[in-house]
Amino acid sequence: MTVEIRHRTLETNGIHMHVAEAGEGPVVVMCHGFPESWYSWRHQLVALAEAGYHAVAPDQRGYGATDTPAAIEEYTLLHLVGDLV
């Protein structure tokens with residue numbers, strides 16, 4: 001079975017967020033740290049999809065293909081969690 005990593009852009013919490021995802025089933029969300037991106041999770045996306053999960057790895061705000069708000073106040077933990085919710 002070949003697993004395809006799909007990419008799309010979602011509107012969430014006032015920004016456009018790039019998301020890489022693979023598989024179907026219960027959702028597993030993987031969040032990267034500084035200074036990484038969705039790409040850090042590429043191997044886990046495939047492994048989780050093969051195990052029957054819908055694996056999702058977004059570029060968090062300010063990284064990769066996700067919007068980068070100018071105001072520093074828009075990078076609180078509440079904003080980051082709100083993007084994922």
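I count a residue as buried when its relative accessible area is under 20%. Proline 69 has a relative accessible area of 12%, so I logged it as buried. The model I am reading is a predicted one.

**Entry 1: proline 69**

I placed proline 69 in the loop between S4 and H2. Setting aside neighbours within four places in sequence, I found it in contact with Ile15, Arg61, Glu74 and Tyr75. I also looked up its distance to valine 81: the two lie twelve residues apart in sequence, and their C-alpha atoms are 15 Å apart in space.

**Entry 2: the sheet**

I then turned to the strands. In what order do the four strands of the open sheet lie? I read the order as S1-S2-S4-S3, and the pairing is mixed. Strand S1 (6–12) and strand S3 (27–29) are the edge strands, each pairing on one side only. Ignoring direction, I noted an average turn of 30° between neighbouring strands of this sheet.

I checked two of the pairings. Strand S2 (residues 15–22) runs antiparallel to strand S4 (residues 54–58), and four bridges link them. Within this pairing I found alanine 20 opposite alanine 57 of S4, and alanine 22 has alanine 55 of S4 as its bridge partner. S3 and S4 run parallel and are joined by three bridges. There I noted valine 27 opposite histidine 54 of S4.

**Entry 3: cover of S4**

How many of the residues of S4 are buried? I counted five of its five, and I recorded the strand as mostly covered. In a regular strand the side chains alternate between the two faces of the sheet. In S4 I saw His54, Val56 and Pro58 point one way, while Ala55 and Ala57 point the other way. The residues on both sides are buried.

**Entry 4: a nonpolar patch**

I looked for a nonpolar patch on the surface and found one of about 240 Å², made by Val27, Val29 and Leu84. Valine 29 belongs to strand S3. Is valine 29 buried or partly exposed? Its relative accessible area is 46%, so I entered valine 29 as partly exposed. A residue of a patch needs over 30% relative accessible area, and valine 29 has 46%.

**Entry 5: aspartate 83**

I found aspartate 83 in helix H2 (residues 77–84). Its relative accessible area is 4%, so I marked aspartate 83 as buried. Which residues does aspartate 83 contact, leaving aside its neighbours within four places in sequence? I listed Thr12, Asn13, Ile15, Met17 and Arg61. Ile15 and Arg61 are in the contact list of aspartate 83, and I had already written down both for proline 69.

**Entry 6: glutamine 44**

My last lookup was glutamine 44, which lies in helix H1 (residues 42–50). With a relative accessible area of 33%, glutamine 44 is partly exposed. I noted the spacing between glutamine 44 and methionine 30: they are 14 residues apart in sequence and 8.9 Å apart in space, C-alpha to C-alpha.

Terms used:
Residues are numbered from 1 along each chain as its sequence is written. This is a predicted model: local features need pLDDT of at least 70, side-chain atom pairs count only at pLDDT 80 or more; totals for chains, interfaces and linings use all residues. Side-chain values use heavy atoms; hydrogens and water are left out. Two strands pair if DSSP finds at least two bridges between them. Helices (H or I, at least four residues) and strands (E, at least two) are DSSP runs, numbered from the N terminus. Axes are lines fitted to C-alpha atoms, for helices over the stretch in contact, and angles run from 0 to 180 degrees between N-to-C directions. Patches are made of residues with over 30% relative accessible area and no salt bridge: like charges are joined within 9 Å, nonpolar side chains (Val, Leu, Ile, Met, Phe, Trp, Tyr) within 5 Å. Accessible areas come from the Shrake-Rupley method with a 1.4 Å probe; for residues, only the protein chains shown count as cover. A salt bridge is a side-chain nitrogen of Lys or Arg within 4 Å of a carboxyl oxygen of Asp or Glu. Buried means under 20% relative accessible area, exposed over 50%, partly exposed in between (1.4 Å probe, protein chains only). Contact means heavy atoms within 4.5 Å.
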